[in-house]
Amino acid sequence: MTEKSSPAAIGTPPASRTAPGEHPGGPGGRGNPTGSPALMAIMGSACISASAVFMKLSGTNAGTAAFLRCALALLVLAPLTWREMRRLGPRPRRHQLMDLGAGVLLGVDMVFWAASVVHVGAAVSTVLLNIQVVFFPLLARVLTGTPLTRGFLLLAPLMLLGVALAGGAIGQARTGSDPLAGVLYGIAAGLAYAGYLLLMRMGGGQRHTIAPVGLSTAAAAATAAVLGGLWTGIDLDPGWPAWGWLITLALVGQVLAWLLITSALPRLPPNVGAALLLLQPVMAFGLGTLIGERPTPTQAAGCALVIAAVWYNSRPTGPRADP
């Protein structure tokens with residue numbers, strides 16, 4: 001993703017961007033005392049990459065997984081949000097509305113993404129979610145007027161081809177999977193996720209780091225309860241070991257992951273943040289193989305094409321800054 005199309009760039013207030021030649025930690029390259037933002041982004045990506053595996057191992061349906069991961073996460077996020085708002089005061093109403101809107105889209109994303117995991121597996125579904133790289137610039141063009149780059153126009157068809165191959169809609173699919181449903185659910189999840197990223201980015205650049213995650217997670221839980229309840233139903237007593245995997249999913253893939261990422265991205269140059277988030281599908285693909293998933297050669301080629309397209313679009317496009 002380029003400066004104009006990456007989630008780390010669009011809608012970011014000028015004050016929160018890193019100036020050319022300046023390190024994210026501040027003038028003179030001083031690090032932030034709370035830790036390295038690059039390391040935080042890597043750790044956040046690792047947490048998210050494991051989410052599909054946790055969800056699959058839970059054996060629950062899409063609605064149950066999406067709702068319970070958010071509801072369980074709120075048990076941790078709610079007191080942290082309350083504490084932060086007491087210390088810093090409430091976020092402006094406009095940003096709270098953006099958080100709520102982002103959370104609705106996140107809930108839609110989680111339900112469809114969980115359905116994609118069921119139909120095509122943990123590894124492939126996480127790669128499919130990267131279709132947001134195509135949707136994000138298009139939404140930004142419509143909502144913020146950000147122009148589309150030439151590189152995006154050239155890479156978007158390759159990205160779509162990679163998604164079709166990865167999901168098995170073109171070529172040979174993994175035995176027991178449902179490639180058409182998996183790709184369609186993955187595309188729907190990617191579109192919702194792109195909208196979530198855009199709204200969270202437009203509402204970023206403020207002092208609060210926990211409140212946006214807490215409020216958007218609450219909205220996501222409500223949305224998942226409605227959508228998941230109407231579509232697949234929600235099992236409030238999935239039993240063990242399902243509870244164990246869902247609790248891990250909530251704490252690692254929801255709370256820890258997004259607290260790390262939302263804290264790290266505003267402190268990183270846009271192209272660096274986008275490149276580090278690209279570790280998600282790579283690590284998810286590896287974790288999927290560890291639990292016995294064996295994508296076909298054409299699916300593996302599609303995954304590689306998607307990852308390569310995102311990596312190419314994540315390169316810095318301007319002249320390199322002096323150290």
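## Packing of α6 against α8

Helix α6 (residues 132-144) packs on helix α8 (residues 179-202) with an axis separation of 8 Å and an angle of about 50°. At that angle, α6 is therefore oblique to α8. The structure described here is a predicted model, and the crossing of these two helices is right-handed.

On the α6 side, the contact is formed by Q132, F135, F136, L139, A140, L143 and T144. These residues meet I187, G190, L191, Y193, A194, G195, L197, L198 and M202 of α8. By residue class, the contact of α6 with α8 comprises 12 nonpolar and 4 polar residues, with no charged residue.

## Packing of α2 against α4

A second helix pair is formed by α2 (residues 51-58) and α4 (residues 93-120), whose axes come within 10 Å and cross at roughly 70°. Angles of 65 to 115 degrees count as roughly perpendicular, and α2 and α4 are therefore roughly perpendicular to each other. The crossing of α2 with α4 is right-handed.

From α2, the residues in contact are S51, A52, M55 and K56, and their counterparts in α4 are W113, A114, V117 and V118. The contact of α2 with α4 divides into 6 nonpolar residues, 1 polar residue and 1 charged residue.

## Overall architecture

The secondary structure of the chain consists of 13 helices and 0 strands. Along the sequence, the order of elements accordingly reads α-α-α-α-α-α-α-α-α-α-α-α-α.

Of the 323 residues in the chain, 51% are buried. Contacts between residues at least 6 apart in sequence were also examined, and 86% of them join residues at least 24 apart.

## Cysteines and disulfides

A search of the whole structure for disulfides returns 0. Two cysteines can be described by their accessibility, for which the cut-off for a buried residue is under 20% relative accessible area. C47 has a relative accessibility of 10% and therefore counts as buried. C70 has a relative accessibility of 0%, so C70 also counts as buried.

## Summary of the helix contacts

In the predicted model, α6 and α8 cross obliquely in a right-handed sense, and their contact contains no charged residues. Helices α2 and α4 are roughly perpendicular and likewise cross in a right-handed sense, with 1 charged residue in their contact.

Methods
Residues numbered from 1 in each chain as written. Predicted model: local features only at pLDDT ≥ 70, side-chain atom pairs only at ≥ 80, totals over all residues. Heavy atoms only, no water. Axes fitted to C-alpha atoms, helices over the stretch in contact; angles between N-to-C directions. Helix = DSSP H or I, 4+ residues; strand = E, 2+ residues; numbered from the N terminus. Parallel < 35°, antiparallel > 145°, perpendicular 65-115°, else oblique. Left-handed = near helix turned anticlockwise from the far one by under 90°. Contact = heavy atoms within 4.5 Å. Nonpolar A, V, L, I, M, F, W, Y, C, P; charged D, E, K, R; others polar. Disulfide = S-S within 2.5 Å. Buried < 20%, exposed > 50% of the residue type's maximum accessible area, 1.4 Å probe, protein only.
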